[in-house]
2 protein chains.
Amino acid sequence: MADTQRKLMVQKYGGTSVADAARFRAVAARIKESRGLCDGLAVVVSAMAGETNRLLDLAKGVSGFSYERELDVLLASGEQVAAALLTMALIDNGVPAVSLLGDQVRIATDSSFGRARIKSIDVTRVEEVFAQGAVAVVAGFQGVDADHNITTLGRGGSDMSAVALAAALGAGLCEIYTDVAGVFTTDPRICPRAVKLNRISYDEMLELAGVGARVLQTRSVECASRYRVPVHVRSSFSDEEGTWVVPEDQIMEEVLVSGVAYERDEAKVTVHGLPDSPGLAASVFGALADAGVVVDMIVQTATIGEDDRTDITFTVGNKDLDKAIEIMNGVASKVGARDVISSNEVGKVSVVGLGMRNHAGVASRMFRVLADEGINIQMISTSEIKISVIVDAALVDKAVNALHKTFINGGATGTQAG
Amino acid sequence: MADTQRKLMVQKYGGTSVADAARFRAVAARIKESRGLCDGLAVVVSAMAGETNRLLDLAKGVSGFSYERELDVLLASGEQVAAALLTMALIDNGVPAVSLLGDQVRIATDSSFGRARIKSIDVTRVEEVFAQGAVAVVAGFQGVDADHNITTLGRGGSDMSAVALAAALGAGLCEIYTDVAGVFTTDPRICPRAVKLNRISYDEMLELAGVGARVLQTRSVECASRYRVPVHVRSSFSDEEGTWVVPEDQIMEEVLVSGVAYERDEAKVTVHGLPDSPGLAASVFGALADAGVVVDMIVQTATIGEDDRTDITFTVGNKDLDKAIEIMNGVASKVGARDVISSNEVGKVSVVGLGMRNHAGVASRMFRVLADEGINIQMISTSEIKISVIVDAALVDKAVNALHKTFINGGATGTQAG
């Protein structure tokens with residue numbers, strides 16, 4: 001019974017939060033304060049800012065190619081160093097602490113080196129540390145597979161470590177400390193009127209990936225959503241509240257649009273005059289998937305005219321455009337399509353909000369705003385809580401600002417940014 | 001049956017051997033050549049030169065005090081990085097290789113952080129790597145205790161890792177690659193006529209600690225001796241043969257003196273006029289041992305005169321002198337000794353050789369040489385294969401050169417240096 005009353009907390013500090021000795025000491029002081037707020041505190045730490053690049057440079061020096069298993073052994077050392085240093089800084093500040101690496105915790109993953117997925121976390125050792133009255137300092141980003149090989153969790157993996165650990169511990173709160181004040185309605189660098197969101201649902205956070213992924217790794221949001229872990233994204237450089245990422249039923253006031261996301265590095269490919277037959281889309285996108293090309297938006301135009309031909313347009317990341325064109329040329333000649341055309345001069349702009357589910361008219365209002373700005377819409381895609389459009393890459397900033405002004409600065413979504 | 005025919009080899013590369021990317025590639029090329037010489041090759045690697053100091057500086061920045069457990073987590077990352085990089089360099093050079101850390105091997109130690117002792121090595125994983133036809137690249141210096149805490153083996157610990165692994169594998173050879181050509185008859189920096197030894201017994205190597213410990217960690221020699229592991233100490237910067245450290249029965253030609261060792265940082269303490277009684281020495285040296293002071297030479301003069309008083313003189317490391325004096329003053333006033341006097345202006349010079357066991361006259365010849373040079377002998381201590389004297393610190397170089405000229409350059413001990 002007593003156990004269910006325990007308040008456990010997980011905090012995660014990113015690389016800029018532990019960039020140098022002074023920052024380690026500052027973080028240690030913050031952790032010392034947080035201890036009083038809970039019965040058990042686990043701190044997940046990333047490698048010091050710059051360390052991962054330093055290690056990658058060493059690897060480039062010795063070898064022309066990246067060997068995944070060994071790269072993980074190399075990179076995991078960065079979090080190991082940070083965990084040891086933070087633990088020292090804590091003990092030095094009078095806070096009992098014990099560092100734990102991925103295999104000590106233990107964080108069990110699959111064997112996909114460089115992008116491993118967590119399968120389970122055994123919190124026995126962390127609980128032992130709590131029982132000693134100490135803080136568990138856990139090396140982020142790393143795990144261990146069934147054969148005791150070191151694995152790493154991919155970009156932003158320490159977020160995943162933190163949220164998964166919070167879920168495994170049944171922690172009531174996961175704080176993600178970073179170098180920004182929280183999640184913003186859009187990117188403040190291109191829209192000065194962007195405001196910090198006080199609360200956002202997991203789903204909105206996922207749909208805002210283009211904005212939000214810079215703050216919180218997507219997979220960690222999915223994990224938080226599945227286990228209903230409340231996440232508080234905030235700055236380690238101030239005491240200000242950040243953004244709470246929480247279950248939808250904890251969002252009091254549903255706003256129509258919570259954010260405007262964008263993606264610049266998009267490219268568009270159209271296959272013209274495909275003979276329309278069952279299985280056509282499967283063969284087109286199967287070929288892309290086999291080549292590891294991730295497709296974002298897909299639009300297929302209705303078949304018009306007597307010859308039963310159709311057009312398929314899709315977007316991919318810019319870096320995959322050449323590969324996609326090559327594959328589509330192969331498909332086109334195989335099935336007898338007329339033409340493959342492409343453009344890497346496009347970008348995607350999306351508005352996201354839970355309120356769309358219950359309120360009609362967001363789409364038409366969005367299209368009207370863009371039309372008024374003279375921005376031509378090349379593609380449209382919608383999901384339950386998001387509407388995305390593809391526009392000329394040069395007009396992305398203009399579109400974001402216009403939509404933000406209409407949907408957010410018009411309403412009351414958050415507090416005004418800095 | 002087939003198994004007993006297998007030829008296994010362990011190589012160890014120190015920090016200067018892997019100081020930068022070019023060195024990693026050079027070492028990888030050397031390992032590639034060595035593969036053909038055996039059926040299984042394990043390579044133990046130290047942290048890159050300078051890395052340990054870099055990590056210690058980081059620790060100093062975050063914390064005013066060294067916390068042993070966390071210091072080991074921090075420092076072990078150095079060998080982890082080196083092991084990953086060397087493995088990459090090997091694969092890049094067409095040599096299949098797998099890195100293994102202390103807990104992966106696994107190298108089980110006690111829990112004495114910073115100076116852990118190896119209790120056992122489970123070679124299962126190393127044998128699996130051999131079975132794949134790959135080189136096992138083992139992070140040196142590190143192990144893991146019964147609770148899965150990372151431990152380190154202390155200064156020169158990678159030598160210990162290599163020799164212990166060779167013993168556990170039943171390897172026929174352990175090659176220690178370093179930045180010197182082998183073990184010399186004395187320190188070439190103070191005696192230009194020093195020569196490289198071709199072969200030396202484990203016991204001689206241990207007695208030459210003052211010279212040899214700079215090349216090969218003492219504990220690793222003890223381990224090699226116990227398990228009869230032949231050790232070849234050689235340079236990673238050339239293809240020249242180095243020095244073989246082998247069982248005594250493999251020394252063909254017993255030489256009278258194989259080396260001249262010296263130690264500068266010695267201090268001498270004399271307690272005068274101790275009332276001679278049983279248990280006296282025990283109380284004197286028990287007090288020093290309790291304080292962690294390592295005593296080297298001990299001389300007790302015979303009791304002369306009617307009042308049954310005796311003098312005890314011993315040497316300690318210079319750094320322990322103040323502590324030793326304080327303890328001796330306590331002992332002196334307790335047991336009623338007359339006086340405690342000390343000097344830190346002394347050094348030790350030793351001649352070492354298996355041949356002494358069967359040939360008389362080495363001691364008298366040694367004392368004659370020193371007398372001829374006008375060097376006063378302050379203390380004498382002998383073991384089966386070593387004679388050590390304490391002399392004025394300023395005369396150490398002179399003594400080494402004179403003894404080396406007489407006992408070594410006179411005979412045929414090794415090949416001329418450089």
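Two strands are taken to pair if DSSP finds at least two bridges between them. By that criterion, β12(A) is joined to strand β13 of chain A, residues 243–246, through 3 bridges, and the two run antiparallel. The model examined here is predicted.

The same strand β12(A) also has a parallel partner. Strand β9 (residues 173–178) of chain A pairs with strand β12 (residues 231–235) of chain A over 5 bridges, in the parallel sense. Individual bridge partners fix the register. A:Tyr177 has A:Arg234 of β12(A) as its bridge partner. On the antiparallel side, A:His232 is bridged to A:Trp244 in β13(A). Strands of a sheet pair through backbone hydrogen bonds, in either the parallel or the antiparallel sense.

Chain A is assigned two domains. Domain 1 covers 2–179 and domain 2 covers 260–416. The C-alpha centres of domain 1 and domain 2 of chain A are 38 Å apart.

Helix α7 of chain A spans residues 157–169. Its 13 residues reach 18 Å from the first C-alpha to the last, close to the 18 Å expected at 1.5 Å a residue. Burial along α7(A) is extensive in count: 12 of its 13 residues are buried. Among them are A:Gly157, A:Met160, A:Val163, A:Leu165 and A:Leu169. The buried set also includes polar or charged side chains such as A:Ser158, A:Asp159 and A:Ser161. Just after α7(A), A:Gly170 adopts a positive phi of about 70°.

The two chains meet through an interface with 30 residues on each side: 30 residues of chain A are in contact with 30 of chain B. On the side of chain A that touches chain B, α2 (21–35), α3 (51–62), α4 (68–92) and α5 (102–105) each supply at least two residues. The most comes from α4(A), with 14 residues. By class, this side of chain A has 17 nonpolar, 9 polar and 4 charged residues.

Two open sheets were identified in chain B. One has 8 strands in the order β3-β6-β2-β1-β9-β12-β13-β11, with mixed pairing. Its edge strands are β3 (97–100) and β11 (199–201) of chain B, each pairing on one side only. Neighbouring strands of this sheet are turned by 20° against each other on average, direction ignored. Within it, strand β2 (residues 40–45) and strand β6 (residues 135–139) of chain B run parallel and are joined by 4 bridges. B:Ala42 has B:Ala136 of β6(B) as its bridge partner.

The other open sheet of chain B has 6 strands in the order β15-β16-β14-β17-β19-β18, and its pairing is antiparallel. Here the edge strands are β15 (295–300) and β18 (379–383) of chain B, each with pairing on one side only. The average turn between neighbouring strands is 30°, direction ignored. β15(B) pairs with strand β16 (residues 309–317) of chain B in the antiparallel sense over 4 bridges. B:Val299 stands opposite B:Thr313 in β16(B). Two helices pack on this sheet. Helix α10 (residues 280–290) of chain B touches β14 (259–275), β15 and β16 of chain B, and its direction makes about 160° with that of β15(B). Helix α13 (residues 396–409) of chain B touches β14, β17 (339–352) and β19 (386–392) of chain B. The direction of α13(B) makes about 25° with that of β17(B).

Backbone exceptions appear in both chains. In chain A, a cis peptide bond joins A:Val105 and A:Arg106, with omega about 5°. A:Arg106 lies in the loop between α5 and β4 (107–109) of chain A. In chain B, the peptide bond from B:Val105 to B:Arg106 is cis, with omega near -5°. B:Arg106 sits in the loop between α4 (102–105) and β4 (107–109) of chain B.

A positive phi outside glycine is found at position 141. A:Phe141 has a phi of about 75° and lies in the loop between β6 (135–139) and β7 (142–144) of chain A. A:Phe141 counts as buried because 30 other C-beta atoms lie within 10 Å, where the cut-off is 20 or more. B:Phe141 likewise has a positive phi near 75°. The loop that holds B:Phe141 runs between β6 and β7 (142–144) of chain B. B:Phe141 is also buried, with 30 other C-beta atoms within 10 Å.

Terms used:
Residues are numbered from 1 along each chain as its sequence is written. Chains are lettered from A and ligands numbered from 1 in the order in which they are written. This is a predicted model: local features need pLDDT of at least 70, side-chain atom pairs count only at pLDDT 80 or more; totals for chains, interfaces and linings use all residues. Domain bounds come from an automatic or database domain assignment. The expected span of a helix is 1.5 Å times one less than its number of residues. Two residues are in contact if their C-beta atoms, placed from the backbone, lie within 7 Å. Axes are lines fitted to C-alpha atoms, for helices over the stretch in contact, and angles run from 0 to 180 degrees between N-to-C directions.
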